[in-house]
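Biologist: I'm new to this one. Can you walk me through the structure?
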Amino acid sequence: MQSYQRLLLANKAWASEKLNLDEAYFEELAADQKPEFLWIGCADSRVPANEVTGTHPGEIFVHRNVANLVLHTDINMLSVLQYAVEVLKVKHVLVVGHYGCGGVKAAMTNKDYGLINKWLRNIKDVYDKHERELRHIEDEQKRFDRLVELNVEEQVSNLAKTTIIQKAWHQRQGPQLHGWVFNLNNGLINTVTEMQPGSHIDPIYRYDFKPEDIQKDPDLSTHYGA
Ligand code: CO
């Protein structure tokens with residue numbers, strides 16, 4: 001048997017197990033999704049959103065890319081974010097990095113990796129921004145771990161710079177933003193940073209919204225100006 005066939009067999013077993021436990025499982029699954037969480041994580045195969053958080057299908061809306069970046073030019077990530085925040089109205093956005101991240105590690109080197117240089121450049125910029133702190137960490141492993149954390153912090157702050165998040169904060173006092181780092185060595189998540197709705201954003205990145213933009217959603221108009 002080829003390895004991909006193992007996946008299809010396991011899928012059949014999974015589906016029938018779900019049906020055995022609950023006859024209506026797939027009817028309910030197919031009916032709707034109301035996830036409370038958006039997970040923006042690394043594409044690394046060792047950090048599956050549902051598995052490491054003990055959640056089930058329908059609970060987490062997921063976007064993953066190399067080194068969990070939030071870039072204001074990435075139409076893929078922004079589309080996921082807009083849908084999650086404006087339509088699904090998630091309560092929490094989680095940026096989840098992980099120690100030992102190959103993307104972050106590659107960005108710390110001077111190697112030419114081809115096309116992906118352009119993506120990793122964003123992590124080099126995080127390094128450069130925090131160079132003063134990082135250069136004092138002599139141990140390379142510790143400096144690597146710290147850059148993973150700083151990268152997550154930076155991506156959370158990038159979320160807060162989007163109109164999608166700022167508008168939602170005005171409209172409904174949500175979502176909360178979280179920066180987490182998963183530890184492959186013990187399976188535990190470190191909480192690194194958190195931004196509550198209305199948190200400080202550097203003035204140059206703030207957007208003004210017209211009252212009519214905010215009041216489009218009648219359920220939310222009472223929160224305007226809060
Ligand atoms: Co990674």
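Modeller: Here is a quick tour, from the overall chain down to single residues. Keep in mind that this is a predicted model.

Biologist: Start big. How many helices and strands are in the protein chain?
Modeller: The protein chain has 10 helices and five strands. Its C-alpha atoms fill a box of roughly 60 × 55 × 30 Å along the principal axes.

Biologist: How much of the protein chain counts as buried?
Modeller: Of its 226 residues, 38% count as buried. The accessible surface of the chain comes to about 13,700 Å². Carbon and sulfur atoms hold 50% of that surface.

Biologist: And the contacts? What share comes from residues 24 or more positions apart?
Modeller: That share is 62%, counting contacts in the chain with a separation of 6 or more.

Biologist: Let's talk helices. At what angle do H6 and H8 pack?
Modeller: The angle is about 105°, and the axes are 10 Å apart. That makes H6 roughly perpendicular to H8.

Biologist: Which residues meet there, between H6 and H8?
Modeller: H6 brings Ile123, Val126, Tyr127 and Lys129. H8 answers with Arg143, Leu147, Leu150, Asn151, Glu154 and Gln155.

Biologist: Stay on H8. Is Lys142 buried or exposed?
Modeller: Lys142 is exposed, because its relative accessible area is 55%, and the cut-off for exposed is over 50%. Lys142 lies in helix H8, which covers residues 140-160. From Lys142 to Tyr205 is 63 residues in sequence and 32 Å in space, C-alpha to C-alpha.

Biologist: What about Ser157, where does that sit?
Modeller: Ser157 is in helix H8 too. At 24% relative accessible area, Ser157 is partly exposed. Ser157 and Thr73 are 84 residues apart in sequence, with their C-alpha atoms 15 Å apart in space.

Biologist: Switching to charges. How many salt bridges does the structure hold?
Modeller: The structure holds seven salt bridges. One of them joins the side chains of Arg146 and Glu133, at 2.5 Å from N to O. Arg146 is in helix H8 and Glu133 is in helix H7 (residues 131-134), so the pair ties together parts that are 13 residues apart in sequence.

Biologist: How exposed are Arg146 and Glu133?
Modeller: Arg146 is partly exposed, with a relative accessible area of 21%. Glu133 is partly exposed as well, at 34%. There is also a network: salt bridges that share partners join Glu133, Arg146 and Glu149.

Biologist: Which other side chains meet in a salt bridge?
Modeller: Lys34 and Asp32 do, at 2.9 Å from N to O. Lys34 counts as exposed, at 69% relative accessibility. Asp32 counts as partly exposed, at 48%. Glu131 and Arg135 form a salt bridge as well, at 3.2 Å from N to O. Glu131 is partly exposed, with a relative accessible area of 29%.

Biologist: Now H9. Why is helix H9 called largely enclosed?
Modeller: Seven of its 10 residues (163-172) are buried, so H9 is largely enclosed by the rest of the structure.

Biologist: Which residues in H9 are buried?
Modeller: They are Ile164, Ile165, Gln166, Ala168, Trp169, Gln171 and Arg172.

Biologist: What comes just after H9?
Modeller: Gln173 does, and it takes a positive phi of about 55°.

Biologist: Back to the outside. Which residues form a nonpolar patch on the surface?
Modeller: Val66, Tyr113 and Ile116 form it. Together they have about 210 Å² of accessible area.

Biologist: Where is Tyr113 found?
Modeller: Tyr113 is in the loop between helix H5 (102-107) and helix H6 (116-129). Tyr113 counts as partly exposed, at 36% relative accessibility.

Biologist: Last one, Asn65. Which strand does Asn65 lie in?
Modeller: Asn65 lies in strand E2, residues 60-65.

Biologist: Why does Asn65 count as buried?
Modeller: Because its relative accessibility is 9%, and buried means under 20%.

Biologist: And what is Asn65 in contact with?
Modeller: Setting aside neighbours within four places in sequence, Asn65 is in contact with Gly41, Cys42, Ala43, Asp74 and Trp119.

Technical notes: Residues are numbered from 1 along each chain as its sequence is written. This is a predicted model: local features need pLDDT of at least 70, side-chain atom pairs count only at pLDDT 80 or more; totals for chains, interfaces and linings use all residues. Side-chain values use heavy atoms; hydrogens and water are left out. Helices (H or I, at least four residues) and strands (E, at least two) are DSSP runs, numbered from the N terminus. Buried means under 20% relative accessible area, exposed over 50%, partly exposed in between (1.4 Å probe, protein chains only). Contact means heavy atoms within 4.5 Å. Patches are made of residues with over 30% relative accessible area and no salt bridge: like charges are joined within 9 Å, nonpolar side chains (Val, Leu, Ile, Met, Phe, Trp, Tyr) within 5 Å. Accessible areas come from the Shrake-Rupley method with a 1.4 Å probe; for residues, only the protein chains shown count as cover. A salt bridge is a side-chain nitrogen of Lys or Arg within 4 Å of a carboxyl oxygen of Asp or Glu. Axes are lines fitted to C-alpha atoms, for helices over the stretch in contact, and angles run from 0 to 180 degrees between N-to-C directions. Angles under 35 degrees count as roughly parallel, over 145 as roughly antiparallel, 65 to 115 as roughly perpendicular and the rest as oblique.
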